[in-house]
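I opened the model to look up a sheet and one of the residues in it, and I note below what I found.

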Amino acid sequence: MYIRKCAAERKAPLEAAGLFRYHRLMKKLLDLPASARPGREEFFEILVGGASGLRVERIISQGQTTPEGLWYNQEQDEWVLVLEGEARLEYENGAKIALGRGDSLFLPRHVKHRVAYTSAPCIWVAIHGDLRREY
C-alpha cells in the first residue's frame, strides 16, 4: 500500500505538467527488450529526433564491434554516455579509450573511430547533431 501511494504521489505532478510519459521513458533506459538479448543484433532505438538533425538514441550492444579496418567518419558530432557495461574505442591515429558505467565521450564529426570492444550488455545513450563544445 505504501509503495503504491508513493508512486501515485510521484506520478501526479508529472502528469499535471504533461511529463509522465517522458518519466516512464527514462525509467526504461536500462531495460533490455526481447530484441536486444544476447546473441541478437545490436539494438538501436531513437528516443528523440528533430528537424534540426539532433538525434538521441539508445544503443544496446551485446559484444558487437566495428569490423577490423572499418572506421566511422560521421557527418555529425556525437556524444556518448555508457549507462551500463563497458566499451573500448580506437581512433585512426592509434589512440584508445576505455569507457565504463557513467563515462561519457565527445566525438567530433569526421574524427575516424571504431568500437573495438563492448560488454554484453553495454547500454549507451548517444546524441548526434551539431554539438560544438563552447564551454
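**Notebook: the sheet and H113**

I looked first for strand pairing and found an open sheet of three strands in the order β5-β4-β7, paired antiparallel. Its edge strands are β5 (96–99) and β7 (113–118), each of which pairs on one side only, and the twist averages 20 degrees from one strand to the next. I take strands as DSSP runs (E, at least two residues) numbered from the N terminus, call two strands paired if DSSP finds at least two bridges between them, and use axes fitted to C-alpha atoms, with angles from 0 to 180 degrees between N-to-C directions.

This is a predicted model, in which local features need pLDDT of at least 70 and side-chain atom pairs count only at pLDDT 80 or more, while totals for chains, interfaces and linings use all residues. Residues are numbered from 1 along each chain as its sequence is written, and side-chain values use heavy atoms, with hydrogens and water left out.

I then followed β4 (residues 87–91), which pairs with β7 in the antiparallel sense over five bridges, and I noted that L89 stands opposite V115 in β7.

Next I turned to H113, which lies in strand β7. Is H113 buried or exposed? H113 counts as buried because its relative accessibility is 3%, where buried means under 20% relative accessible area with a 1.4 Å probe, protein chains only. Leaving aside neighbours within four places in sequence, H113 is in contact (heavy atoms within 4.5 Å) with residues including W71, Y72, L89 and Y91.

Definitions and conventions. Helices (H or I, at least four residues) and strands (E, at least two) are DSSP runs, numbered from the N terminus. Buried means under 20% relative accessible area, exposed over 50%, partly exposed in between (1.4 Å probe, protein chains only).
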